[in-house]
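Please work through the following exercises with the sequence and the model at hand. Each task is followed by a solution in steps.

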Amino acid sequence: MSDAEIREEMPATTVVSSAEKQTGGSEKGKKKKGRVGMEDFWIVPSDEILAGNTTDVYFLRTEEVLRKKGINPRVVAEVTASSLEHGWGVLAGVSEVATLLAGKDLDVYAMPEGTIFFEDEPVLRIEGRYLEFARFETPILGFLCHESGIATKAARIKKKAGDVPVISFGTRRQHPALAAVIEKCAYMGGMDGVSNVAGASRIGIQPMGTMPHSLIICFRSQQDAWKAFDEIMPEDVPRICLCDTYYDEKTEAVMAAETLKRLNAVRLDTPSSRRGNFRKIVEEVRWELDIRGFKNVGIFVSGGIDEAEIEELRDIVSGFGVGTSVANAKCIDFALDIVEIEGEPCAKRGKKGGKKQVYRKKTEKGFEDFVAIENSKQHFEGEPLLKPLILGGKIVEDFPLSLESARKRVLEQLKVVEMD
C-alpha cells in the first residue's frame, strides 16, 4: 500500500467541541460562553461520542503524527483487566462498544455481555488498521470499565442476598444523565428491580419503590400519610410503609401494621447515627410484629446497605434497597493494548503478546477458563468465549446483545462462581 493510500484511509483529527457547537463561533455565542454547559447539564451528546471527541488529546496527537508519516499498521488490540479486587467480574458495556465501532473497517470479537471473566483474560479484541479506532480507546474503556464495575457489584450483592429480593436505589448518587446506565447494569447484574423511572422505562420493566420521609413529614403524621398512600395508590403498588421517621422503629412498625389491613411490609431506613446494632433492631421489629399476629408483614431494609449488611440480615428480612454501594461501584480497571502488529506478536511490558482466545470448560464445580493463542494447532477443550461481534464493520446479527439474555447469563453463572 502506498503512502498516499494509507493517508487516504486515515481519519482527520478535527474535533468540534460542545462549546463551539453551542456558540457557533459567533460574537453572540462568545457572549454566552459563561453559560456553556448549563443548559445541557454538561452532557456530551451522542454525536460527539460517535465522532471520537470524548478522547484523550494524546490520541489526536498520535493520529496526526502517524498520518503525516504515512504509518497505519494493521494491529490486534485486546481489552484485559490485570487485577480484579475479588478475582472475577461481570462484563457490561459491550452493546455500547458495538454501536461505537459499527461502520468502521474493523473486526471485533467479544465475550457476550453478562459473562463472568477473570484476571488477564481478553474480554474484547479489535482487529484492523490502528487509525480506524485509535481515538476511540477512551470511550471504549469508559463504557466497559464503568458499566462492568456496576454490574459486578450488583452481581456480588445478588449472590449474597440469594432468594431475598434486592432493589436498586442508587441513581441519586450519580449524574442523572447516567440513570438508565446505572439501572441497566444493576438489573443485568441480577438485582430484582430498579427505582428510577427513566431507567426502568429504558429497561422495559416497572419501577419499584416505597415512600420517602418527605411524604410523612408533609402530612405531619405517620398514620395519616400511610392511610393516604393506601387510599391513592393503585392496587398493584405494594403497601410498604416507611417506619422510622419520628419514633422508634418497632413502635412505628406496629403502628403501621395496626393502621393498614393490607400491609405488605415495613421499611426501615434507619440512619447510621441512630442504628447501633441494626440486626438487633430488625429482630425487635420482627418479634413485636409476630406476637401481635402480623407474621405476614415483611421487613424491607435500606440505607447504606452493602455485602456485609446483606450477609447479616438476609435470613430475617424480606427485601433490600441498595443504593450507593452499587451505583458508586469501583470501576473495573480494564486496559486496551496492542498485542500484534502486521501479524507479528508484540506487547508492552506487563502484557502478553499475540492474538488470544479464552476457552471455558465445564467442571464439577462449575467452569474453568484458560487462555491460548488464537488458531493454535493445539486442540483445546471448552467453548471459545470471544465471539464475532463486528465483521467488516457490520454488527453480527446472532451476537447476543439483549439485556435479558445478559441478565440470565449472570444469574446462571452466579450459581457456581465462588465468593470470597
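**Exercise 1: Two rings and their surroundings**

Task: Decide whether F370 counts as buried, partly exposed or exposed, and do likewise for Y359. Then classify the pair that their rings form.

Solution. The model is a predicted one.

Step 1. F370 has a relative accessibility of 25%, so it counts as partly exposed. The reason is that partly exposed covers the range between the limits of 20% and 50%.

Step 2. Y359 has a relative accessibility of 12% and therefore counts as buried.

Step 3. The ring centres of Y359 and F370 are 5.6 Å apart and the planes stand at 20 degrees, so this pair is stacked. Planes under 30 degrees apart count as stacked.

Step 4. Y359 belongs to strand β14 (residues 356–362) and F370 to strand β15 (residues 367–373); the two residues are 11 residues apart.

**Exercise 2: A second ring pair**

Task: State how many aromatic pairs there are, and classify the pair of Y130 and F133.

Solution.

Step 1. The count comes to 6 aromatic pairs.

Step 2. For Y130 and F133 the ring centres lie 5.4 Å apart and the planes are at 80 degrees, so the pair is edge-to-face. The cut-off for this class is an angle over 60 degrees.

Step 3. Y130 and F133 are both buried.

**Exercise 3: A charged side chain under cover**

Task: Locate R286, determine whether R286 is buried or exposed, and list what R286 touches.

Solution.

Step 1. R286 is found in helix α14, which covers residues 278–291.

Step 2. The relative accessibility of R286 is 15%, so R286 counts as buried.

Step 3. Leaving aside residues up to four places away in sequence, R286 is in contact with F294, K295, V297, G298, I299 and I316.

Step 4. By contrast, 42 Å separate the C-alpha atom of R286 from that of S83, and the two residues are 203 residues apart along the chain.

**Exercise 4: Nonpolar cores**

Task: Name the members of the largest nonpolar core that touch the most other members, and describe the contacts of V282.

Solution.

Step 1. The largest nonpolar core has 61 residues, and those touching the most other members are W226, V266, V282, L289, V301, F320 and V322.

Step 2. Helix α7 (residues 137–161) gives this core its largest share, 6 residues.

Step 3. V282 touches L268, I299, V301, L313, I316 and V317, when residues up to four places away in sequence are not counted.

Step 4. There is also a second, separate core of 42 residues, with Y109, I140, L385 and V396 among them.

**Exercise 5: Two helices**

Task: Find which residues of helix α11 are buried, and how many residues of helix α8 are buried.

Solution.

Step 1. Helix α11 (residues 222–232) has Q222, A225, W226, A228, F229 and D230 as buried residues.

Step 2. These buried residues of α11 pack against α10 (213–219), β8 (240–242) and α12 (249–259).

Step 3. In helix α8 (residues 179–188), 8 of the 10 residues are buried, and the helix is mostly covered. The buried residues of α8 include the charged E183 and K184.

Step 4. G190, just after α8, adopts a positive phi of about 115 degrees.

**Exercise 6: The whole chain**

Task: State how many helices and strands the protein chain has, and what percentage of its residues count as buried.

Solution.

Step 1. The chain contains 17 helices and 18 strands.

Step 2. Of its 420 residues, 50% count as buried.

Definitions and conventions
Residues numbered from 1 in each chain as written. Predicted model: local features only at pLDDT ≥ 70, side-chain atom pairs only at ≥ 80, totals over all residues. Heavy atoms only, no water. Core = buried A, V, L, I, M, F, W, Y, C linked by side-chain atoms within 4.5 Å. Buried < 20%, exposed > 50% of the residue type's maximum accessible area, 1.4 Å probe, protein only. Helix = DSSP H or I, 4+ residues; strand = E, 2+ residues; numbered from the N terminus. Contact = heavy atoms within 4.5 Å. Phe/Tyr/Trp six-rings, centres within 6.5 Å; stacked < 30°, edge-to-face > 60°.
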